[in-house]
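Hi,

Here is the structure I promised to pass on. Have a look, and then read on for what turned up.

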Amino acid sequence: MKSIIDKISTFMTNIGIILLVFGIVFIPTESYIFIRYVFQPEGFWQEIILASIGLYFLIGIQILLVIIGIVFLIDLFFK
């Protein structure tokens with residue numbers, strides 16, 4: 001009986017860790033969507049500026065965080 005409780009506890013802990021990692025990984029996307037919503041670009045140059053901010057957030061930081069998150073989860077689950 002105790003081993004089933006331990007397995008359920010371990011499973012729920014792992015689910016919590018996965019959700020935390022995904023939450024951290026998608027912070028740049030949420031930030032970009034918030035910035036775009038707040039500024040609401042109207043002209044060509046405003047679109048260019050927000051597109052460059054989007055490329056920085058979504059390509060640079062997002063990919064780096066996804067790689068770090070995958071490495072962290074692989075290390076955690078396959079010790």
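Let's start with the crossing of helix 2 and helix 3, which is right-handed (that is, the near helix is turned clockwise from the far one by less than a right angle). Helices here are DSSP runs of H or I with at least four residues, numbered from the N terminus. Helix 2 covers residues 27-39 and helix 3 residues 44-77; they pack at about 170°, with 9 Å between their axes. That makes the two roughly antiparallel, a label for angles over 145 degrees. The axes are lines fitted to C-alpha atoms over the stretch in contact, with angles running from 0 to 180 degrees between N-to-C directions. Among the residues making the contact (heavy atoms within 4.5 Å) are Tyr32, Ile35 and Phe39 of helix 2 and Leu50, Phe57 and Ile61 of helix 3.

By the way, this is a predicted model: local features need pLDDT of at least 70, side-chain atom pairs count only at pLDDT 80 or more, and totals for chains, interfaces and linings use all residues. Residues are numbered from 1 along each chain as its sequence is written, and side-chain values use heavy atoms, leaving out hydrogens and water.

The whole structure has one salt bridge (a side-chain nitrogen of Lys or Arg within 4 Å of a carboxyl oxygen of Asp or Glu). Arg36 and Glu47 form it, at 3.0 Å from N to O. Arg36 sits in helix 2 and Glu47 in helix 3, so the pair ties together parts eleven residues apart in sequence.

In the loop between those helices lies Gln40, which has a positive phi of about 40° despite not being a glycine.

Cheers

Conventions. Angles under 35 degrees count as roughly parallel, over 145 as roughly antiparallel, 65 to 115 as roughly perpendicular and the rest as oblique.
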